[in-house]
Amino acid sequence: MNEWLIGLPEEQALWLARVSIAFVLCLGAIIGSFLNVCIYRIPLGQSVSVPRSHCFGCGKTIPWYFNIPVLSWFFLRGKCAYCGSEISVRYPVIEALTAVLFLLVFQMWGNPALFGLSRLQIPELIPFYWLFVASTVVNVMIDLDHRILLDRISLGGTLLTLVASAAFPVMQGQTTLLAGLGHAVLGAVVGFGTGFLVAWAGERIFLQDAFGFGDVKWMMLFGALFGWKGFFYILLIAAGVGLVMGLCAMLAQRARAGLRAEPLAIPFGPALGTGALLWLFWGHWVTRGLEAAVLWAQARQGLVLAVVLPVLLLLSIWLCVRIYFIRKAVREEEAAEELTPLPENPTDGDHP
């Protein structure tokens, strides 16, 4: 895009660039407003088209001039214009976030150097990646609210990725239809297989579901879209993001409830989604950073071993202790359920 703009007079080039950016931001904010509807209604089994947006407090339909993405929330000061009910700040945040993500995808083709982004080879892929980032926002927020990930995103996204990889092999770094499709299929198999293995091992170690099957299917999509190598990088990033999220949540809970706080169940979907977005936009920097870290560690093997080995030992001990107490709690809960007497007549109260 920059090469094309260079051929235009400076004033026209600046005007066109600004109009393009403004259009993309507005489009992203509008889509973000629709994503808010999807996040709330889809888990409840409601239609995303009818009824129109309305206030949860008074039930009145919100007119278009009170439903302008981001701006209306600030204009109304976060309250319904009719009854004064509070409107969650999450709505404008999701709208603004979607607008920024749309702009980043556009800049991957238009001017990737501006934000240090990975390069998007052809503009035809922009709508596809817009759809991907929008679906990621929906899945992350629904997982935070309801602990579920949508099959229509994971399975439908995987199928769409296979079709796109065949139509545009360049998105997989390939040049032919079969090569692009084969690379996507291999990534999907690796993503699904790795997720299934982690879920299987976690269930046997912790004696309960430690990894949802929804995560497994979403990992299949990431493998298909980013290839098997990209998938493992995403998994590594997600593990780090999940660790930070878990520590922050644990510290916040301990600050509120003290040492009596119960163990937290943190969904892994937000960490996976964050890892996928970071890899999409700045995957080349992640690769370079890890390569530089490996070279640095090789040059200082003694220092690395002196620091890493004790840390790994402490982490291993902590993990074993956590596994012991989790397994113990699960067994005690199962034993208590077995000792709980059943009601003598479970149908009492059902008769007229």
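Leaving aside neighbours within four places in sequence, which residues is Phe226 in contact with? The answer is Phe132, Ile234, Ala276, Trp279 and Leu280. The model examined here is predicted.

## Overall fold

The protein has 10 helices and 0 strands. Read along the sequence, the pattern is α-α-α-α-α-α-α-α-α-α.

The chain runs to 352 residues, and 34% of them are buried. About 21,500 Å² is exposed. Carbon and sulfur atoms supply 68% of that area. Contacts often span long stretches of sequence: among those between residues at least 6 apart, 64% join residues at least 24 apart.

## The largest nonpolar core

The largest nonpolar core holds 54 residues. Six of its residues touch the most other members: Tyr129, Phe132, Val133, Phe222, Phe226 and Phe281. Two or more residues come from each of H2, H4, H5 (126–146), H6 (151–167), H7 (177–206), H8 (213–257) and H9 (269–299). H5 gives the most, with 12 residues.

Phe226 returns here as one of the core residues that touch the most other members. Its contacts beyond four places in sequence include Phe132, which also appears in that group. Ile234, Ala276, Trp279 and Leu280 complete the contact list of Phe226.

## Trp228

Trp228 sits in helix H8. Is this residue buried, partly exposed or exposed? Trp228 counts as partly exposed because its relative accessibility is 34%, and the partly exposed class lies between the cut-offs of 20% and 50%.

Not counting residues up to four places away in sequence, Trp228 touches Leu186, Gly187, Val190 and Gly223. His183 offers a further reference point. Trp228 and His183 are 45 residues apart in sequence, with 8.3 Å from C-alpha to C-alpha.

## The second largest pocket

The second largest pocket has a volume of about 660 Å³. Its lining counts 31 residues. Nearest the centre of this pocket lie His54, Ile62, Asn67, Ile87 and Tyr91.

Which helices each supply at least two residues of the lining? They are H2 (10–41), H3 (71–75) and H4 (90–110). The largest share, 5 residues, comes from H2. By residue class, the lining divides into 17 nonpolar, 10 polar and 4 charged.

H2 and H4 serve both regions: each gives two or more residues to the largest nonpolar core, and each supplies at least two residues to the lining of the second largest pocket.

Notes. Residues numbered from 1 in each chain as written. Predicted model: local features only at pLDDT ≥ 70, side-chain atom pairs only at ≥ 80, totals over all residues. Heavy atoms only, no water. 1 Å grid on protein atoms, 1.4 Å probe; cavity = no way out; pocket = protein on both sides within 12 Å on 5 of 7 lines; lining within 4 Å. Points joined across faces, edges and corners; volume = space filled by probe spheres on them. Helix = DSSP H or I, 4+ residues; strand = E, 2+ residues; numbered from the N terminus. Nonpolar A, V, L, I, M, F, W, Y, C, P; charged D, E, K, R; others polar. Core = buried A, V, L, I, M, F, W, Y, C linked by side-chain atoms within 4.5 Å. Buried < 20%, exposed > 50% of the residue type's maximum accessible area, 1.4 Å probe, protein only. Contact = heavy atoms within 4.5 Å. Areas by Shrake-Rupley, 256 points an atom, 1.4 Å probe, with all protein chains shown as cover.
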